[in-house]
Amino acid sequence: MNNSYDFFAMLSRMKYINRWGLMRNTIKENIAEHSLETAMLAHCLAMIRNTYFGGNIDAERVCLLALFHDATEIITGDMPTPIKYFAPTIRDAYKEVEKMAADRLLTQLPEELAAAYEPILLEREEEKELWKLVKAADKISALIKCTEELQMGNQDFVSAEYSCRRAVEKMQLAEADYFLEHFLPAYKLTLDEQA
């Protein structure tokens with residue numbers, strides 16, 4: 001019987017997987033940082049829906065799903081969006097690779113804990129509404145990264161910023177639109193202007 005499990009040691013490697021590999025970055029971003037930001041944003045989106053749009057979303061559950069949403073990239077690496085979504089066959093094949101990576105991570109836990117982590121790592125149909133918010137938060141996090149890079153004068157992110165904004169808008173989620181209108185502008189302010 002194995003008394004040692006690798007799951008959390010593997011998760012700690014999220015800090016070594018850099019995002020935006022095809023872009024020149026002013027500030028490097030890894031998937032651990034991105035996952036934390038996405039979790040905070042997903043929680044916020046759930047709270048916006050509950051507060052302003054009559055929702056009844058479990059904000060803590062959304063936050064948890066977002067925290068682990070890129071955990072499989074420890075195994076797969078960060079696939080650039082233009083490649084991942086280039087064609088339906090590539091997208092579907094990558095989803096299968098992500099499923100295999102999640103299954104592999106789950107084998108690195110005791111059986112009883114794996115059962116508890118499986119619905120966190122693998123999307124379930126009954127949590128489809130929660131995952132919409134996670135995906136919106138993921139896109140907003142990317143938009144924030146683009147905004148910050150542009151503020152630093154990095155013009156490599158002009159097209160990415162446009163694409164990320166359009167992706168969020170195409171989701172047609174009132175809570176995401178609310179965030180873009182009321183919170184995103186502050187990312188263009190200096191610290192003194194924010195205070």
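This passage describes salt bridges and a surface patch in a predicted model.

Side chains of opposite charge can pair when their charged atoms come close. In this model, 15 salt bridges are counted. Three of these pairs and one network are described below.

One salt bridge joins the side chains of arginine 24 and aspartate 156. The N to O distance is 3.5 Å. Arginine 24 lies in the loop between helix 1 (7-11) and helix 2. Aspartate 156 sits in another part of the chain, in the loop between helix 8 (128-151) and helix 9 (158-170). The two residues are 132 residues apart in sequence, so the pair ties together parts that are separated along the chain. Aspartate 156 has a relative accessibility of 39%, so this residue counts as partly exposed. That class covers values between the limits for buried, under 20%, and exposed, over 50%.

A second salt bridge lies within one helix. The side chains of lysine 99 and aspartate 103 meet at 2.8 Å, N to O. Both residues belong to helix 6 (residues 88-106). They are 4 residues apart, which is about one turn of the helix. Lysine 99 is partly exposed, because its relative accessibility is 36%. Aspartate 103 is also partly exposed, with a relative accessible area of 29%.

A third salt bridge connects the side chains of lysine 135 and glutamate 123. Its N to O distance is 2.8 Å. This pair links distant parts of the chain, 12 residues apart. Lysine 135 is in helix 8, while glutamate 123 is in the loop between helix 7 (111-121) and helix 8. At 35% relative accessibility, lysine 135 is classed as partly exposed. Glutamate 123 falls in the partly exposed class too, at 46%. Elsewhere, salt bridges with shared partners join Arg49, Glu129, Lys132 and Glu175. These four residues make up one network.

The surface also carries a nonpolar patch. Leu36, Met40 and Leu67 form this patch. Together, the three residues have about 290 Å² of accessible area. Leucine 36 is part of helix 2, which spans residues 31-52. The relative accessibility of leucine 36 is 48%, so the residue counts as partly exposed. A patch residue must have over 30% relative accessible area. The value for leucine 36, 48%, therefore satisfies that cut-off.

Note on methods:
Residues are numbered from 1 along each chain as its sequence is written. This is a predicted model: local features need pLDDT of at least 70, side-chain atom pairs count only at pLDDT 80 or more; totals for chains, interfaces and linings use all residues. Side-chain values use heavy atoms; hydrogens and water are left out. Patches are made of residues with over 30% relative accessible area and no salt bridge: like charges are joined within 9 Å, nonpolar side chains (Val, Leu, Ile, Met, Phe, Trp, Tyr) within 5 Å. Accessible areas come from the Shrake-Rupley method with a 1.4 Å probe; for residues, only the protein chains shown count as cover. Buried means under 20% relative accessible area, exposed over 50%, partly exposed in between (1.4 Å probe, protein chains only).
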